[in-house]
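User: I would like to go through this model by its strands, helices and cavities. Please keep the answers short.

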Amino acid sequence: MAMMCTGPSLSRRAVLGSAGALFAWAYMPKIARAAGNRDFRFVCIVLRGGMDGLGVVGPVGDPDYGSLRSDLALRLDGPTPALPLDGFFALNPAMPETARLYRAGQVAIIHASATNYRNRSHFDAQDVLESGQPHPGVTQSGWLNRAIGGLAAGDRVNPAGSLLGVGTVPPLIARGATPMLGWAPSRLGAPDADLIARLETLYGKTDPRLLEALQEGVRLERIATAAGAPSKVANQTPEAEMAAGVGRLLVSDNGPRIAALAIEGWDTHTDEAGALRRRLAALDSAFAALESSLGPKWQDTVVLVVTEFGRTARINGTNGTDHGNGTVAFLVGGAVRGGRVIADWPGLSDAALYENRDLRPTTDIRAVAKGVMADLFGLSAAQLASTVFPDSAAVAPMQGLVV
Amino acid sequence: MEPTQERDRAALIALSRFGLGPRPGDIDRVRADPAGAVLDELAHVPVELPVSADLPQAAAALGAAQTARRWRGDAVRHVADLGVLRQVSNPVLDDVPPWDLSAMFGAPDLVALSDDANGEPPVDPVYDETLLFAEIDARIQRYAGVPVGFVERLVLFWSNHFSVGTKSTELTATVGALEREAIRPNVCGTFADMLLAVTRHPAMLMYLDNNTSLGPNSELGQKFSRGLNENLAREILELHALGVDGGYTQADVTAFARILTGWMVSPATGSGGFKFDPRRHEPGDHTVLGKVYPAGGVEQAEAVLADLARNPATARHVARKLAIYFVSDDPPADLVARLERVFLDTGGDLRAMSRALVVAPQSWEAPVTKLRLPQEFVIAAWRLIGRTGDPREFAMQIRSLGQPVWNPPGPNGYPATNDAWVSPKGIMGRLAIADRIARGLRQGDPASLLAAAFGEAATPATRRAVLSAESRSQAVAILLMAPEFQWR
């Protein structure tokens with residue numbers, strides 16, 4: 001269920017004063033700082049549809065890869081060579097920004113990873129990925145919302161709103177009992193300033209509640225779109241625009257520090273080569289937009305990119321792939337200990353494949369999320385194994401992901 | 001308040017709190033007897049949408065959606081996704097949807113998928129989308145034509161209470177049918193009939209995964225390792241009937257899930273989309289809420305549903321939700337109690353309960369504090385300006401406001417309280433839609449629209465803001481964003 005800022009209570013407003021702080025009207029937990037007093041930023045991007053890990057980060061060093069994937073296999077030679085990463089893996093050539101960040105040590109890739117869910121249904125898999133539950137069907141809240149809620153002990157009020165959920169319906173990971181600020185990039189063009197001003201005047205006379213919501217909305221939009229800023233990048237992808245808005249909100253005074261957003265379109269059953277390239281170009285542009293809009297804060301940023309499952313190792317009859325299991329996750333940002341592909345590589349022989357069709361997952365993606373939550377926000381393994389990812393004591397937080 | 005303002009306030013309660021919002025002339029028409037206008041609609045205005053080629057029955061829609069899936073190659077991909085291909089008649093696999101098979105088999109069980117050997121022309125490969133927009137279009141037509149819209153608001157309420165979502169091709173094709181076949185005929189009937197009709201409906205059975213549920217000791221349960229799925233049982237207890245505090249336990253959920261095994265979907269003509277499959281049904285007596293339901297077939301679950309419909313917790317749960325949806329996020333306790341009483345006294349007669357809601361003075365006296373839900377806002381705007389057609393535009397508008405048609409975030413449906421919708425994002429979204437609607441309006445005089453929308457009940461500030469706008473488009477946008485239009 002989508003959660004927006006709850007309405008004000010008079011006593012809270014009195015405590016927060018008349019400064020009209022941006023998110024003052026909601027109860028927001030204070031973000032605990034990990035040792036060293038660093039003020040991190042965290043973004044989680046959910047890729048919906050099941051991103052083809054083998055097509056994004058190809059194991060070019062694996063002897064079975066080429067024959068399994070034939071025309072879809074990434075290659076180090078040929079007209080559009082893949083971008084080498086570490087001698088075994090190579091990156092889809094549609095991601096030059098990601099390659100640059102990788103070389104700068106700001107991208108870590110976790111391959112052959114997945115949740116513990118194996119039944120290849122989009123909605124159930126997304127439920128598991130986002131709810132953090134060990135099985136589908138429990139969708140009252142997401143793991144990120146619970147993780148942030150877990151930081152609230154001892155702090156009842158803080159003007160710094162922490163959690164931003166992006167989109168007309170924000171991803172489940174950000175929804176739940178912890179209040180969440182909502183923002184969606186405006187796709188219909190901005191209403192003109194005169195209309196807004198007249199509504200502010202009208203609400204000012206008769207409707208304080210709508211006035212507050214409108215003024216906050218306008219202010220958020222100005223921050224997110226850098227209204228009045230001199231130069232705007234021409235022909236930005238919608239994903240980059242969204243990411244730029246997120247970055248600007250994350251560095252705004254008293255603004256959120258954690259954001260969740262989703263990018264659709266990864267279910268590449270047909271003619272995958274072109275479709276995947278286009279999606280990756282959009283994702284690549286989003287990384288660059290986040291880096292740019294976060295500015296110096298990029299050094300303290302971790303972006304976690306996850307998808308609900310991977311795809312078949314073999315291509316299908318329509319030059320695409322079908323639902324699978326093991327896939328890649330990305331960690332991107334200045335605070336990432338990057339420049340590496342983390343994989344317990346199972347191989348791609350028939351015997352090595354999961355059910356003779358999918359890349360076998362060897363890393364539970366919850367380990368990655370736990371490691372990041374622990375390093376950025378100081379959440380304990382016990383909290384992570386009970387509240388954030390219930391029944392996951394067997395999944396140890398991955399160490400050393402953050403610098 | 002001036003007498004005319006007061007009268008028009010009552011007219012707006014009738015038209016906006018209970019209805020879908022005024023069209024030009026509606027305030028004048030109902031002014032003399034606002035409550036009467038609402039009750040008259042409850043008594044006389046038809047709620048059904050007729051079955052037609054555009055709006056098929058669920059079984060036909062289901063079968064066609066499955067065919068469409070095959071023809072756009074989804075079946076090959078989809079079943080390949082799940083490791084199973086099937087196209088042969090096999091009594092074990094009959095009517096087992098492809099998505100169900102991998103859950104049953106675990107490992108891939110490959111059966112050749114034949115091309116259509118009969119050479120029949122394919123069903124439209126985007127059948128489910130085409131059907132969805134036909135369903136939406138039929139609603140838009142209905143919303144534009146009803147005198148008040150109270151019955152349609154009841155349909156929206158109950159549809160949200162028994163929420164389903166378009167998470168598959170087959171669901172996209174049948175969600176509209178659930179509203180037409182299980183909700184509408186029972187809005188002025190009994191809760192027991194509605195609960196049974198909804199639980200039997202293929203859209204609900206698919207949405208809450210009862211298709212994949214096998215009694216562990218059933219014939220198929222012993223053959224395959226797959227077991228019980230408790231989703232439907234849990235949501236019936238938690239969301240549809242008793243409510244989360246309704247006094248049931250996890251043991252009740254499991255027992256009810258066992259009783260519900262065998263309730264399956266069917267594309268067979270005349271089936272209503274439902275069949276009972278004894279091979280999946282968990283044998284034996286089962287106890288729910290302290291009552292033993294003896295071993296049996298389909299009637300075992302029917303008995304549980306009938307008892308749930310009579311349960312006082314259900315009356316309390318449903319009465320409170322109804323009052324919250326229509327009147328206030330924190331409704332007067334005596335209003336809820338009255339609705340609950342009527343429900344219990346009449347055996348769950350929903351027409352009687354709806355009537356009680358309308359005749360209760362609290363419903364009219366309660367201050368205007370509920371923000372129109374996104375769907376209500378868009379419907380009211382379209383009704384006011386007389387807009388119909390273009391279901392895609394309608395769907396886009398309400399999706400952009402976070403309430404996509406038949407696609408709620410979960411089986412608990414869309415929130416009906418202000419905290420979900422009164423927010424910076426919520427208001428900015430509405431502003432964009434109001435602006436868009438206003439810009440699309442080629443004619444219409446703001447002063448007339450103002451009278452049509454509010455009669456004499458608009459504040460001087462709103463009146464001034466609308467009439468001093470610098471263009472028709474801006475005037476209409478201001479009208480649609482005015483507090484009198486946003487709150488009901």
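User: In which sense do β2(A) and strand β4 (residues 90-91) of chain A pair?

Analyst: This is a predicted model, in which local features need pLDDT of at least 70, side-chain atom pairs count only at pLDDT 80 or more, and totals for chains, interfaces and linings use all residues. Residues are numbered from 1 along each chain as its sequence is written, chains are lettered from A and ligands numbered from 1 in the order in which they are written, and side-chain values use heavy atoms, with hydrogens and water left out. Strands are DSSP runs of E, at least two residues, and helices are runs of H or I, at least four, numbered from the N terminus; two strands pair if DSSP finds at least two bridges between them. β2(A) and β4(A) are joined over two bridges, and the sense is antiparallel.

User: Which strands of the sheet β2-β4-β3 (chain A) stand at the edges?

Analyst: The sheet is open, with three strands and antiparallel pairing. Two of its strands have a single partner each, so one side of each lacks a neighbour in the sheet. These are β2 (57-58) and β3 (83-84) of chain A.

User: At what angle do the axes of α4 (residues 96-103) and α10 (residues 272-294) of chain A cross?

Analyst: Axes are lines fitted to C-alpha atoms, for helices over the stretch in contact (heavy atoms within 4.5 Å). Angles run from 0 to 180 degrees between N-to-C directions; under 35 degrees is roughly parallel, over 145 roughly antiparallel, 65 to 115 roughly perpendicular and the rest oblique. The two axes come within 7 Å and cross at roughly 55°. That makes α4(A) oblique to α10(A), at roughly 55°.

User: How many cavities of 30 Å³ or more are there?

Analyst: On a 1 Å grid over the protein atoms alone, a cavity is a set of points where a 1.4 Å probe fits but cannot get out. Grid points are joined across faces, edges and corners, and a volume is the space filled by probe spheres set on the points. The largest cavity holds about 360 Å³, and the second largest about 70 Å³. The count is five.

User: Which helix gives the largest share of the lining of the largest cavity?

Analyst: Lining residues have an atom within 4 Å of a point. There are 26 here, with B:Leu156, B:Ser159, B:Asn160, B:Gln375 and B:Trp406 nearest the centre. Among the helices that supply at least two residues are α8 (150-161) and α9 (169-183) of chain B. The largest share, four residues, comes from α9(B).

Key: 1 Å grid on protein atoms, 1.4 Å probe; cavity = no way out; pocket = protein on both sides within 12 Å on 5 of 7 lines; lining within 4 Å.
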